[in-house]
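Trainee: I should like to learn how to read an interface and a set of salt bridges in a structural model. May we work through one together?

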Amino acid sequence: MNAARSLGLRAGLLSAVLLLVLLAVWHVATLSSAPVATAAPALTPEQIEYAKLMGKDPSAGGAPAAKSGFPTLAQMGSTIAKHLSQPSYDNGPNDKGIALQLGYSLARVGLGYLLAALVAIPLGFVIGMSPLVYRALDPFIQVLKPISPLAWMPLALYTIKDSSISGIFVIFICSVWPMLINTAFGVASVRREWLNVARTLEVTPLRRAFEVILPAAAPTILTGMRISMGIAWLVIVAAEMLVGGTGIGYFVWNEWNNLSLPNVIFAILTIGVVGMLLDLMFARLQKAVTYVD
Amino acid sequence: MRTDNRFDPYNADRPLTMRCACGQHASAEEHRSAQDAVAELKRRSETAEFEAYSNDFIEASLVKALFPHDAMRRRFLRAVGKGSAMAAIGSVLPVASLQAMAQEKGTLEKRDLKIGFIPITCATPLIMAHPLGFYSKQGLDVQVVKTAGWALIRDKMLNKEYDATHFLSPMPLAISLGVGSNPTPMNVATIQNTNGQAITLHVKHKDKRDPKDWKGFKFAVPFEYSMHNFLLRYYVAEAGLDPDRDIQIRVVPPPEMVANLRAGNIDGYLGPDPFNQRAVFEEVGFIHLLTKDLWNGHPCCAFGTSTEFIQKNPNTFAALYRAVLTSAAMAREARNRELIAKVIAPQAYLNQPETVLTQVLTGKFADGLGNVKTVPDRADFDPIPWQSMAVWMLTQMKRWGYVKGEVNYKQIAEKVFLLTDAKKQMKALDMKVPDGAYPKITVMGKVFDPDKAEAYVNGFAIKRSPNA
């Protein structure tokens with residue numbers, strides 16, 4: 001117990017050190033890109049005017065111009081503070097706070113994911129229980145599974161004729177496969193003895209499904225759900241960059257428009273943190289349904 | 001009491017804050033200057049002088065569209081008299097009724113509209129009509145929605161997610177013809193901007209200013225059916241390069257051009273502003289030439305919608321038309337340009353540094369080679385959709401194999417570019433139909449006669465063979 005705690009402590013310390021090293025490297029690497037004050041008097045009036053048009057005002061004493069280079073730590077910090085201090089402002093359809101954008105993305109992911117679960121888990125059950133259905137559907141699954149979700153986008157836009165539903169469809173189509181395959185696998189590998197006991201006790205098929213197979217396969221199913229959620233969160237950003245409108249992916253695209261690296265980095269960090277939280281949530285769920293033989 | 005206190009502590013309508021009230025500007029002062037720009041532009045648009053100007057402008061544009069040759073206009077006026085000429089034109093032109101409709105507006109069939117735009121300066125009239133309240137003045141509740149790319153604009157128009165949109169002017173032709181999509185009738189109501197594009201090259205090519213040296217270069221254009229693509233192809237072909245074999249032309253959404261140029265994925269692009277100026281601002285590119293030098297007054301982007309929308313919502317369409325034309329008339333005035341740059345720079349619209357937009361719109365700009373240039377007509381906003389422009393675009397689509405077989409140039413042009421209705425109805429009224437909508441065009445010194453479109457296509461040394 002003591003050893004485990006001290007391991008945790010040491011790991012935490014090491015993480016902190018690594019973070020500090022990373023930040024220090026960042027600081028040093030961006031230090032040199034800070035503008036060096038040039039001697040203003042040496043410039044002709046035309047050169048001064050040119051410099052002003054280029055966003056570098058020589059008369060302003062070499063103040064850092066609002067350029068899109070790699071941000072220093074201080075710039076990054078102020079960007080983060082700015083976004084977090086106003087997380088949910090709404091300036092019309094093209095300009096919303098980061099919390100609202102995240103909300104749109106999460107809503108899309110949630111909806112697409114829920115639909116996928118509604119389809120994949122029952123279907124997975126059927127496939128897992130019946131070798132015939134498994135063999136019949138297998139070729140389709142094998143062909144459809146490796147298709148990149150974004151490749152569906154043009155087809156979805158053309159057939160569904162609605163960009164936000166197309167986004168949800170893309171989430172659906174990418175999260176359906178891991179859930180389907182894992183559910184089928186989990187259901188198929190429920191121990192024979194348990195099923196035999198159920199048969200001996202003449203349990204109805206419905207009860208057998210819910211009280212024997214489902215609890216036994218639950219950890220595997222949740223593994224599939226966790227993988228799916230990871231993929232769905234990966235895909236939504238790309239999909240929103242493609243379709244635009246709202247969402248964290250649109251935010252990244254819009255800031256790429258503006259070539260604003262601090263905002264893009266901020267968005268990347270946000271995406272990472274939210275992805276981690278989603279994954280943690282499923283890890284908890286998984287723990288809750290896991291049993292020891 | 002001082003009235004110029006920038007924090008307005010005595011103003012009950014403003015929060016007492018040292019920061020910007022809307023959160024979108026670095027300081028309260030910046031916020032205020034942006035608001036002031038909107039207020040000033042609004043004030044200018046509301047003066048009687050401007051209303052008169054915009055009315056006169058619309059009328060003059062229309063008459064000019066009908067009678068590009070002044071002699072013809074004079075003959076017509078003399079023949080029928082001023083009064084009946086005005087009445088005749090007023091009764092047949094879909095757009096001429098605009099002025100009348102400004103007084104007596106029909107009931108709007110649809111108030112809540114979604115209009116798509118790509119964040120480039122070409123969209124200026126469409127965008128600025130929003131903060132300046134030109135749409136709401138017409139009784140419309142318009143959302144201008146930033147869109148990620150031209151293919152998406154096309155899809156959203158076909159899906160009817162957008163009611164009207166910012167188009168590349170050849171797009172409605174292509175969509176109506178069914179190249180690159182299912183054929184769906186689309187219309188160009190106005191041209192959004194004329195001139196305003198440039199060829200930008202990577203700074204490492206400073207010494208390769210002659211297009212003959214560009215063999216093996218990789219270029220980007222925003223979309224296949226764009227003036228950018230056609231002008232770039234035209235330009236390199238005039239220099240003796242085959243745009244399909246000697247150089248590579250890729251489709252890259254405008255916002256991604258600068259990033260790709262910096263990464264060295266492309267050697268240059270013929271793209272819309274502000275991304276030419278932005279490349280200069282980022283010190284990764286220089287402006288090789290303005291497209292104005294290839295064809296002065298060429299159209300680029302357009303404002304349009306589907307034929308179905310116009311037929312279903314004629315009054316709404318007319319109201320939109322008025323809003324956009326007012327906006328265009330305002331954007332044409334040089335004295336408004338600086339304020340316009342301020343109004344369309346924020347995140348909700350173009351999301352660009354204001355100094356970049358100011359350079360594009362005022363035409364006083366850094367060229368990336370150390371020179372400050374002054375070209376006041378670098379970008380203009382002449383809204384008239386000449387049909388000869390459409391014919392020229394079709395000749396280039398034919399030339400490069402985007403459309404195959406027989407092309408009925410004028411028929412398509414007249415169907416898509418909205419001056420058409422006027423001519424048809426004039427014919428029906430047994431009036432003398434002028435060759436109105438077809439002024440001659442000069443591209444790189446070569447005169448294009450819309451009456452001899454096929455001969456023009458065949459006259460080029462470098463083109464795709466019709467059987468290929």
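Mentor: We shall take the interface, then one chain, then selected charged pairs. Please keep in mind that this is a predicted model.

Trainee: How many residues of chain B are in contact with chain A?

Mentor: One begins with the residues on each side, then turns to area. Here 45 residues of chain B are in contact with 36 residues of chain A. The area buried between the two chains is about 3,400 Å², with carbon and sulfur atoms giving 48% of that area. On the side of chain B, Lys146(B), Phe281(B) and Val372(B) lose the most area to chain A, together 15% of what that side buries.

Trainee: Which kinds of pairs does the rule find across this interface?

Mentor: Salt bridges and polar contacts are searched separately. Between chain B and chain A the rule finds zero salt bridges, but eight residue pairs in polar contact. Among the elements of chain B that each supply at least two residues to this side are strand S2 (141–146) and helix H12 (275–281). The largest share, five residues, comes from H11(B). By class, the side of chain B that touches chain A has 19 nonpolar, 14 polar and 12 charged residues.

Trainee: Is Arg278(B) buried or exposed?

Mentor: The cut-off for buried is under 20% relative accessible area. Arg278(B), in helix H12 of chain B, has a value of 2% and is therefore buried. Its side chain makes a polar contact with the side chain of Gln352(B) at 2.9 Å. For the chain as a whole, 60% of the 468 residues of chain B count as buried.

Trainee: How many salt bridges does a search of the whole structure find?

Mentor: The search finds 21 over all chains. For each pair, one asks where its partners lie and how exposed they are. In chain A, Asp279(A) forms a salt bridge with Arg226(A), with the closest N and O atoms 3.0 Å apart. Asp279(A) lies in helix H11 and Arg226(A) in helix H9 of chain A, so the pair ties together parts 53 residues apart in sequence. Asp279(A) is partly exposed at 32%, and Arg226(A) is partly exposed at 27%.

Trainee: What are the relative accessible areas of the partners Lys398(B) and Glu454(B)?

Mentor: Lys398(B) is buried at 15%, whereas Glu454(B) is partly exposed at 32%. These two residues form a salt bridge, the closest N and O atoms being 3.0 Å apart. Salt bridges may also join into a network, as with Lys160(B), Glu308(B) and Lys312(B).

How values were computed
Residues numbered from 1 in each chain as written. Chains lettered and ligands numbered in written order. Predicted model: local features only at pLDDT ≥ 70, side-chain atom pairs only at ≥ 80, totals over all residues. Heavy atoms only, no water. Contact = heavy atoms within 4.5 Å. Buried area = accessible area lost by both parts, 1.4 Å probe. Salt bridge = Lys/Arg side-chain N within 4 Å of Asp/Glu carboxyl O. Polar contact = N/O pair within 3.5 Å; in protein donor to acceptor, adjacent residues only side chain to side chain. Helix = DSSP H or I, 4+ residues; strand = E, 2+ residues; numbered from the N terminus. Nonpolar A, V, L, I, M, F, W, Y, C, P; charged D, E, K, R; others polar. Buried < 20%, exposed > 50% of the residue type's maximum accessible area, 1.4 Å probe, protein only.
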